[in-house]
Amino acid sequence: MVNKLKKAFQPVLIGMLVLGLCATVNAQSLEQVMKERGLSQADILAAAKTYTPSGKLDEYVVFSSGGQSGHVIVYGVPSMRILKYIAVFTPEPWQGYGYGDVASMAILDQGRIRGRKITWGDTHHPAISETNGEYDGQYLFINDKANPRVAVIDLKTFSTVQIVPNPIMKSQHGSTFVTPNTEYVLETSLYPAPFSNDYVPLEEFNEKYRGAMTMWKFNRKRGKIIAEDSFSVELPPYCQDLTDAGKKVSAGWVFTNSFNTERYIGGFGKGNTKFRDRLPHEAGMSAKDTDYLHMINLETAKKLFKEGKDTKINGHAVISMETMIANNALFLIPEPKSPHGVMIDPSGQYLTVSGKLDTHVSVYDFKKMMKLIESKQYDGRDPYNIPILSMQESLHGQVELGLGPLHTQYDKEKGIAYTSLFVDSAVARWDFLKLKLIEKVPIHYNVGHLVSAEGDTVSPDGKYLIALNKLAIDRFVQVGPLHPQNHQLIDISPGQPMQVLYDMPIPLGEPHYAVMMKADKLKTIKRFKQKWFKHRVKPGKERVVRKGNQVTVYSSIIRSHYSPEIIEVKVGDEVTWHLTNLERAQDETHGFTVDTYNINASLEPGETNTFKFIADKEGVFPFYCTEFCAALHLEMMGYFLVKP
Ligand code: K7E
Ligand code: CUA
């Protein structure tokens, strides 16, 4: 084995010898390091597959939900090096997001629900914008499950540019997913509730509580969701779970699965104000053997919205179930109970659904489903009159994969898919066309979502798969009772067994889903253009302007000083402070904080930020640059003086 390795590393050894480093090689041979650190040949191979020497870049970039942190986590593959946290629903001081700068404060303000400012999010499913079903690297979308909202991130700058609260939902989960040309961003509700903000007793659950799917119209040119051009489709009060947009043959349709088609409303435990001695939700919601996969015709819904066949609820267009049914645009198909996720294969023809409590994964055939719809062959109707298609006649087949199947991702190889097995703590590689299990690889532990390279596009890359694990017992140095999450990188190269390559701790919330894109698709800017900012301060035009008690400061910043450096105002003055970073050099960021004002900015080269505040306390307030920018960084400061 060692000989084999020697052979593999021969070019490296020769190179080192040429450089005259043979003494070092002798002192620290590979064999010695392996022995000292207890590494096997497989470990060394895994290391060689992931180790990315200084100066080399990763082939893929992963956008992972940051869970309860409300952020997005960005890291590289195969190195698994964290590159950035993108602040979305939660203020983040390093990027100056939500710490006084007017622009980012306004974005967070867009996320108010019924007037209340919310400073966190439960992010679950990121989605990259697509062109013809391929990631185009322009935008990223992410949802907030807790406070039903979606956010738009511009990947030119890796910054959040919009937060859109859902006007009718009270919680959501099946979000965000995009149509193949990012015409729409889909958001699906989770726990049924009335669309209005009124109190409606639980006894009226069946009649007045509802689910919904919102089709947010995305305007790529403006880089924004346009609320007026968006609408929702009313759904039954089942718990709609995950969603996916059809592609290729299934383009124009969208799918979502569900649980609690029992419409169980709970009542377990002492102290309920309503109902007594009832089963807990978990039992009541999983009493039946099947739930419903929902099939929605987006093209028809679009047409109905255009024709004004909607009702406005909270100012938002909603197309009723009745209208959808009458226009053959809403169907249900039974699926094994309490499923988690519906994922459409790259061809658009096959949909995989895993019932968490079933050991099988079900593969539905879109063409068979359409045949049933076209011949109006229904197996009955649900209590809301929605036609039900036969499960047996919609299925391509079922495969037994193991315990607790959850989420599926696709490979470059035709028919090959990967499904996470939550209870088994394993990942299954299987063939969804031939309906057979190929192999399983154990992971640590309790895997949720998986992500493969470009895995939910029309042309996945294969190569890498990441298991987003929920528990990380024994994987890392113990850091208190709350462990980090564990993202495990798996080599899925064809013609060899899957190999776990790397454990990556995620110490910031529970990531649910991630997307992995070729890194060279990113077209990020290196610096801001000063002219993009209305309030930019040109060099030589720095000044302080006073109008009554309104003081406007026009500041420029460049290594290593602010101009002006001393600003004196009176107690009660309203201060508007514009700052422009005049740097041209890449990455020459300067910060800005005013002692005790809860202000922190990160001004990238060319960027302008504006702060508005009232100088409400007399005193002396040093301000300084919070980013170590140059040798005289500590000297980069000034005084903000407030006179009585
Ligand atoms: Cu499996 Cu939200 Cu997609 Cu966790 S996810 S709940
Ligand atoms: Cu500028 Cu430190």
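**Notebook: salt bridges, a ligand shell and a surface patch**

I began with K302, which is buried at a relative accessible area of 19%. I note at once that the model is predicted, and I read every value below as a value computed from it. K302 counts as buried because its 19% falls under the 20% cut-off.

**Entry 1, helix α9.** I looked for the partner of K302 and found E299, the two side chains meeting in a salt bridge with 3.3 Å from N to O. Both residues lie in helix α9, which covers residues 298-306, and they are 3 residues apart, about one turn of the helix. E299 is partly exposed, at 42% relative accessibility, whereas K302 is buried. I then noted a network in which salt bridges that share partners join E59, K463 and K518.

**Entry 2, K463 and E59.** Within that network I checked the pair K463 and E59, whose side chains form a salt bridge at 2.6 Å, N to O. K463 belongs to strand β27 (residues 462-469) and E59 to the loop between α5 (41-50) and β1 (60-65), so this pair ties together parts that are 404 residues apart in sequence. I recorded K463 as partly exposed, at 36% relative accessibility, and E59 as partly exposed too, at 26%. A search of the whole structure gave me 25 salt bridges.

**Entry 3, R220 and D136.** I next looked up R220, which forms a salt bridge with D136, their closest N and O atoms being 2.6 Å apart. This pair also links distant parts of the chain, since R220 sits in the loop between β10 (211-219) and β11 (224-235) and D136 in strand β5 (residues 134-144), 84 residues apart. Is D136 buried or exposed? I find D136 buried, with a relative accessible area of 16%, while R220 is partly exposed at 25%.

**Entry 4, D431.** I turned to strand β24, where D431 lies, and the relative accessible area of D431 is 5%, so I count this residue as buried. Which backbone nitrogen atoms lie 2.8 Å from a polar atom of the D431 side chain? I found that of L433 and that of K434.

**Entry 5, the surface patch.** Strand β24 (426-431) also borders the loop that holds V423, with β23 (416-421) on the other side of that loop. V423 is exposed, with a relative accessible area of 51%, and I note that this value is over the 50% cut-off. With L403 and F422, V423 forms a nonpolar patch on the surface, and the accessible area of these residues together is about 250 Å².

**Entry 6, strand β18.** I looked up M343, which has its place in strand β18 (residues 339-344) and is buried, with a relative accessible area of 8%. M343 and T243 are 100 residues apart in sequence, yet their C-alpha atoms are 7.9 Å apart in space.

**Entry 7, ligand 1.** Which residues surround ligand 1? I listed H124, H125, H173, L242, H340, H407, H449 and H512. Sorted by class, this shell has 7 polar residues, 1 nonpolar residue and no charged ones.

Conventions
Residues are numbered from 1 along each chain as its sequence is written. Chains are lettered from A and ligands numbered from 1 in the order in which they are written. This is a predicted model: local features need pLDDT of at least 70, side-chain atom pairs count only at pLDDT 80 or more; totals for chains, interfaces and linings use all residues. Side-chain values use heavy atoms; hydrogens and water are left out. A residue is near a molecule or strand if one of its heavy atoms lies within 4 Å of it. Ala, Val, Leu, Ile, Met, Phe, Trp, Tyr, Cys and Pro count as nonpolar, Asp, Glu, Lys and Arg as charged, and the others, Gly among them, as polar. Patches are made of residues with over 30% relative accessible area and no salt bridge: like charges are joined within 9 Å, nonpolar side chains (Val, Leu, Ile, Met, Phe, Trp, Tyr) within 5 Å. Accessible areas come from the Shrake-Rupley method with a 1.4 Å probe; for residues, only the protein chains shown count as cover. A salt bridge is a side-chain nitrogen of Lys or Arg within 4 Å of a carboxyl oxygen of Asp or Glu. Helices (H or I, at least four residues) and strands (E, at least two) are DSSP runs, numbered from the N terminus. Buried means under 20% relative accessible area, exposed over 50%, partly exposed in between (1.4 Å probe, protein chains only). A polar contact is a pair of N or O atoms within 3.5 Å; within protein, one must be able to donate a hydrogen and the other to accept it, and residues adjacent in sequence count only if both atoms are side-chain atoms.
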